[in-house]
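Here is a protein model to look at. The questions below ask what each label rests on.

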Amino acid sequence: MDSRRLLRTSATALAAAGLILSGCTGGSDAAASRSTPAGPTAAGSAATPVAAALKKYYGQKLTWRDCGVTDFQCATLLAPLDYAKPEAGDVKLAVSRVRATGPGKRLGSLLVNPGGPGGSAVGYLQGYAGIGYPAPVRARYDMVAVDPRGVARSEPVDCLTGPQMDAYTQVDQTPDDAAEVNALSAAFKEFAAGCEKKSGAILPHVSTVETARDMDILRAVLGDEKLTYVGASYGTFLGATYAELFPARVGRLVLDGAMDPSLPAVDLNRDQTAGFETAFRAFAADCVRKPDCPLGTESVAAAGQALKTFFRDVDAEPVPTGESRALGESLATTGVIAAMYDEGAWPQLREALTRAIGGDGSNLLALADSYYEREADGTYANLMFANAAVNCLDLPPAYAAPADAGKAVPSFEKASPVFGAGLAWAALNCTYWPTPPTGRPHRITADGAAPILVVGTTRDPATPYQWARSLADQLSSGTLLTYEGDGHTAYGRGSDCIDTAINTYLLEGTPPQDGKRCS
């Protein structure tokens, strides 16, 4: 896999830090939303009677067609725009599948979601999961994905034009005075206003709870009595939310790179900031052992200080990139963070930093563009728009006002001397969101669900390991599987121990022993 593809896959796996993002989402208020009738299980199973207004959705038939991608089929699933008022209209959701290849008896459908929020599940399926998941799993399952509402092919949220996004990603995210604070606040306000103007109808209806309900409709339409699912990063929160809403319909759920739904937004952002610091220290420890390390060869601490100095330098005087966008502190920070998702990108980051420190910011800019899903023609995918829309709906904002962000900076800098200040201010984005949040942080227990496999990586930059431990503890049937290593998520990243444990669970229904550790 080439590094650009690797980074694009990683960046879509989580609502990570950055100027646009608020960090991770937390728990939506799934319990409160149960006042809306839930749908049925698949035909022939013991089921709660379906509400009359939802029968047409659970009873629909998918019309599969060629996708233009070898072996994959596509279809359109209808779901109610507003579950509280199903008569108000539909949302059209893009679905794709690749049929089980055999040999062996088909086990049903395996839904996948790469996270984000905002990552395209269909793109992930067609570009990786449907061809790259272990062959024994693909042999027994139809691999299926649905782009969540507001994402990619499913009535995507839109906010800013390409040139507007270019300007937005360059706004100083470590303001030094009142004028820079005002400029950052104005950028967040403009972003929110653009989303409301372009996507006001769907904006209140892209919560994780609604997406989980959509998945249950798809489960039933596919003919599966229970949901089998692999969710990465934010996809773990989506899976846990599904389990909370429909515990009796949980089949085999793998939640890899787990989130903690019990934490408020500011704590999630601060924890994630510490996660990026952990990942950077692992990168720095590797870098300083190499004679050509652009951050020096003295120590990890010295490397961190060198990177901070570089960020200050490009804040004062951006580095040329060979195009109209110079590399300032915001884009440089995003480029470094992008490479933290996978240790396979460390050589690329070393080269990019070497060139940037030498006066050529083009490689580091390419890393930032990969993270933001910016194409060469200056257009952006909707990842960042959907990310904010879901995050800001799922949790109350981290701060009520810019002053709160300023007060939080010291605690963020304690979590990460390198990234702390920028990530503290990045959490300001939901403060100005036009749609009030519908979720709240809370523990998810999913009482009555079948065993759920929670996977955590000890040096995961974006979903810190303690989140996996917490989620596994919250879930009544949670089982924790630990990968002792670097990078974001664990399945399919080279550990035979991890892959064997997950494959056995998916194929046989037997989770590993709780607390199993792999390297």
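**Labels and their reasons**

Q: What makes Phe-191, Phe-310 and Leu-364 worth picking out in the largest nonpolar core?
A: In this predicted model, Phe-191, Phe-310 and Leu-364 have the most contacts inside the largest nonpolar core, which has 136 residues. Helix α9 (residues 265–287) gives the largest share of this core, 10 residues. Apart from it lies another core, of 29 residues, with Phe-72, Val-98, Leu-125 and Leu-481 among them. In soluble globular proteins, nonpolar side chains tend to be buried together.

Q: Which residues is Leu-364 in contact with, leaving aside its neighbours within four places in sequence?
A: A contact requires heavy atoms within 4.5 Å. Leaving aside those neighbours, Leu-364 is in contact with Phe-310, Leu-327, Ala-332, Gly-335, Val-336, Leu-349, Ala-352, Leu-353 and Ala-356.

Q: How do you know whether helix α13 (residues 362–372) is mostly covered or mostly open?
A: Buried means under 20% relative accessible area. In α13, 8 of its 11 residues are buried, and the helix is described as mostly covered. The buried residues are Leu-364, Leu-365, Leu-367, Ala-368, Asp-369, Ser-370, Tyr-371 and Tyr-372. After α13 comes Glu-373, with a positive phi near 55°.

Q: Why is strand β4 (residues 108–113) called largely enclosed?
A: The count of buried residues in β4 is 6 of the 6, so the strand is largely enclosed by the rest of the structure.

Q: What makes β4 a partner of strand β5 (residues 141–146) and of strand β6 (residues 227–232)?
A: Two strands pair if there are at least two bridges between them. β4 and β5 have 4 bridges, in the parallel sense, and Leu-111 stands opposite Val-144 in β5. β4 and β6 have 3 bridges, also in the parallel sense, and Asn-113 has Gly-231 in β6 as its bridge partner. Both counts meet the requirement of at least two.

Q: Why are β1 and β10 (516–518) called edge strands?
A: The open sheet has 10 strands in the order β1-β2-β3-β5-β4-β6-β7-β8-β9-β10. β1 and β10 each pair on one side only, and this is what the label of edge strand refers to.

Q: What makes the pairing of the sheet mixed?
A: The sheet of 10 strands has mixed pairing. β2 and strand β3 (residues 90–98) pair in the antiparallel sense over 8 bridges, whereas β4 and β5 pair in the parallel sense. Within the antiparallel pair, Ala-75 has Val-95 in β3 as its bridge partner.

Q: Why is Thr-70 called exposed?
A: Exposed means over 50% relative accessibility. Thr-70 has 65%, so it counts as exposed. Thr-70 sits in the loop between β1 (65–66) and β2 (73–80). Thr-70 and Gln-126 are 56 residues apart in sequence and 9.1 Å apart in space, C-alpha to C-alpha.

Q: Why are Ser-233 and Thr-489 called buried?
A: The cut-off for buried is under 20% relative accessible area. Ser-233 has 0% and Thr-489 has 11%, so both are buried.

Q: What makes phi notable in Ser-233 and Thr-489?
A: Most residues other than glycine have a negative phi. Ser-233 is not a glycine, yet its phi is positive, about 60°; it is found in the loop between β6 and α8 (234–245). Thr-489 also has a positive phi, near 75°, and is found in the loop between β9 (478–486) and α18 (496–508).

Q: Where are the cis peptide bonds of Pro-103 and Pro-117, and what is omega in each?
A: Most peptide bonds are trans. A cis bond joins Gly-102 and Pro-103, with omega about 5°, and Pro-103 lies in the loop between β3 and β4. Another cis bond joins Gly-116 and Pro-117, with omega about -10°, and Pro-117 lies in the loop between β4 and α3 (121–132).

Q: Which residues lie nearest the centre of the second largest pocket?
A: They are Thr-174, Arg-312, Glu-329, Glu-413 and Ala-421, out of 19 lining residues. By class, the lining has 8 nonpolar, 5 polar and 6 charged residues. The volume of this pocket is about 290 Å³.

Key: Residues are numbered from 1 along each chain as its sequence is written. This is a predicted model: local features need pLDDT of at least 70, side-chain atom pairs count only at pLDDT 80 or more; totals for chains, interfaces and linings use all residues. Side-chain values use heavy atoms; hydrogens and water are left out. On a 1 Å grid over the protein atoms alone, a cavity is a set of points where a 1.4 Å probe fits but cannot get out, and a pocket is an open set with protein on both sides within 12 Å along at least five of seven lines; lining residues have an atom within 4 Å of a point. Grid points are joined across faces, edges and corners, and a volume is the space filled by probe spheres set on the points. Ala, Val, Leu, Ile, Met, Phe, Trp, Tyr, Cys and Pro count as nonpolar, Asp, Glu, Lys and Arg as charged, and the others, Gly among them, as polar. A nonpolar core is a set of buried Ala, Val, Leu, Ile, Met, Phe, Trp, Tyr and Cys residues joined through side-chain atoms within 4.5 Å. Buried means under 20% relative accessible area, exposed over 50%, partly exposed in between (1.4 Å probe, protein chains only).
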